[in-house]
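Here is a note for a colleague who is opening this structure for the first time. The points below are best read with the model in view.

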Amino acid sequence: MALIIFILRLAIGILLFPVYLLNFLGLWNQICKKWFPYFMRRFTTMYNEHMASKKRELFSNLPGFADPSGKLSLLEVGCGTGANFKFYPAGCRVTCVDPNPNFEEFLIKSVAENRHLQFERFVVAAGENMQQVADGSVDVVVCTLVLCSVQSQEQILQEVCRVLRPRKMSPDDQWSADGDESPLSRLSRKSRDSPFVPVGIAGFMTVVSYGLYKLKYRRDQKMSIHLIHTRVAAQGCAVGAVTLGVLYSMYKDYIRPRFFNVSKK
C-alpha cells in the first residue's frame, strides 16, 4: 500500500513539475491569468448545458429582491465570462467583480448576447476587497464556483454584507431555529446522497473491531503482523467504498441523465 501511494505521488509530482517550475520562475500567475478565460469560456458552456435547469430554479426568485421601484441591482463576484447572464431577469442592472482583467472582453461578448440586461461596469478587484463598490448599493450578490478558491471566505462574506442594501424582511421571509434541519435529518439526507460513505465507515469500524477482538487469538503470529493485516483490510474497505461512491456519482450525474433523456426523446 505504501509503495502504491509513493508511486501515485511520484506520478502526480512529475505531471505537475512544469507548473511548479513556472510558479518558481514567477511566470505561472501571468500565464494563468492570460489563458484561464479561454478555458473558462469553454468550460462554462458545457457546465451550463448540464446545469441550465438548476440555475433557472436557483435564480427564479431574484425578482423578489427588487427595490420598491421594481429595479434590481445585482453584483456578481467572480463573474468570469458571464456564464450566469442568461439566467438573470430582464432589466437587471449587473455589476461584475473579478481579479482577472482578461475576462473583460469575454464579458462584453456575453453582454452582447444578453440584451435583456443592463450592464453597469466591470470592477477589477478581489472579492475580499471590493472598495470600489459602495456600501449598501446592491440588492443581490451572486457568486458561483468562487468561495472554494478565495483566500479568505470570512473576509469576502463581510464584503458581501457591506455592499448589500439593508432589506426589511417580511413575515414570510423569516425563519426560526425550530424549523432548521436537525443533525439527525442532515445525516440521513447526506447518507441518501452518498450511500457508500456510511458503508465505508461501517466496514472500516467492523474490520477494526474484529481485528482487535481476534488479537488475543492470534496464537504465534506477531502482534505487529496482525495489526498490519487489520490495517490493510480496514483501509481496503474504506478505499473500496470511496471508489464505489465515485463510480456511483458518475453514473448518477452523467450516465443516467443521458440515457434518461434519450429514452424520453
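**Notes on the fold and its interior**

1. A good place to begin is the right-handed β-α-β unit, which is made by S2, helix H3 (residues 104–113) and S3. Please keep in mind throughout that this is a predicted model. Within this unit, S2 and S3 run parallel and are joined by 6 bridges, and one pair that can be located on the display is Thr95 with its bridge partner in S3, Arg121.

2. The unit belongs to a wider arrangement, for 4 strands form an open sheet with parallel pairing, and their order across the sheet is S3-S2-S1-S4. At the edges stand strand S3 (118–124) and strand S4 (140–142), each of which pairs on one side only. From one strand to the next, the twist averages 20 degrees. As general background, the strands of a sheet pair through backbone hydrogen bonds, either parallel or antiparallel.

3. On its other side, S2 meets S1: strand S1 (residues 73–77) and strand S2 (residues 93–98) pair in the parallel sense over 5 bridges. Two pairs help to fix the register by eye, since Leu74 stands opposite Val94 in S2, while Val77 has Val97 as its bridge partner there. Why can S2 be called largely enclosed by the rest of the structure? The reason is that 5 of its 6 residues are buried, where buried means under 20% relative accessible area.

4. For the chain as a whole, there are 7 helices and 4 strands, and these follow one another along the sequence in the pattern α-α-β-β-α-β-β-α-α-α-α. Of the 265 residues, 24% count as buried. Among the contacts in the chain with a separation of 6 or more, 69% are between residues 24 or more positions apart.

5. The interior deserves a separate look, beginning with the largest nonpolar core, which has 19 residues; those that touch the most other members are Leu62, Leu74, Phe85, Tyr88, Val94 and Cys96. Helix H2 (28–58), S2 and S4 are the elements that give two or more residues to this core. Another core, of 13 residues, lies apart from the largest one, and its members include Val97, Val123, Val133 and Val146. Returning to Leu62, and not counting residues up to four places away in sequence, one finds that Leu62 touches Leu72, Leu74, Tyr88, Pro89 and Val140.

6. Val140, just named among the contacts of Leu62, lies in strand S4, and with a relative accessibility of 8% it counts as buried. Leaving aside neighbours within four places in sequence, Val140 is in contact with Leu62, Phe65, Leu72, Ser73, Leu74, Leu75 and Leu164. The C-alpha atoms of Val140 and Val163 are separated by 9.2 Å, although these residues are 23 apart along the chain.

7. Ser73, one of the contacts of Val140, has its place in strand S1. Is Ser73 buried or exposed? Its relative accessible area is 9%, so Ser73 is buried. Not counting residues up to four places away in sequence, Ser73 touches Arg93, Ser137, Val138, Asp139 and Val140.

8. Two loop residues may also be worth inspecting. Asn84 is found in the loop between S1 and S2, yet at 1% relative accessibility it counts as buried. Which residue shares a side-chain polar contact of 2.7 Å with Asn84? The partner is Lys55, and the contact joins the two side chains. When neighbours within four places in sequence are left aside, Asn84 is in contact with Lys55, Phe59, Glu76, Val142 and Thr144.

9. The other loop residue is Leu145, found between S4 and helix H4 (153–163). Leu145 counts as exposed, with a relative accessibility of 52%, the cut-off for that class being over 50%. A reader checking the backbone should note that phi of Leu145 is near 55 degrees, which is a positive value in a residue other than glycine.

Notes. Residues are numbered from 1 along each chain as its sequence is written. This is a predicted model: local features need pLDDT of at least 70, side-chain atom pairs count only at pLDDT 80 or more; totals for chains, interfaces and linings use all residues. Side-chain values use heavy atoms; hydrogens and water are left out. Two strands pair if DSSP finds at least two bridges between them. Axes are lines fitted to C-alpha atoms, for helices over the stretch in contact, and angles run from 0 to 180 degrees between N-to-C directions. Buried means under 20% relative accessible area, exposed over 50%, partly exposed in between (1.4 Å probe, protein chains only). A crossover is right-handed if, with the strands pointing away from the viewer, the path from the first strand over the helix to the second runs clockwise. A polar contact is a pair of N or O atoms within 3.5 Å; within protein, one must be able to donate a hydrogen and the other to accept it, and residues adjacent in sequence count only if both atoms are side-chain atoms. Contact means heavy atoms within 4.5 Å. A nonpolar core is a set of buried Ala, Val, Leu, Ile, Met, Phe, Trp, Tyr and Cys residues joined through side-chain atoms within 4.5 Å.
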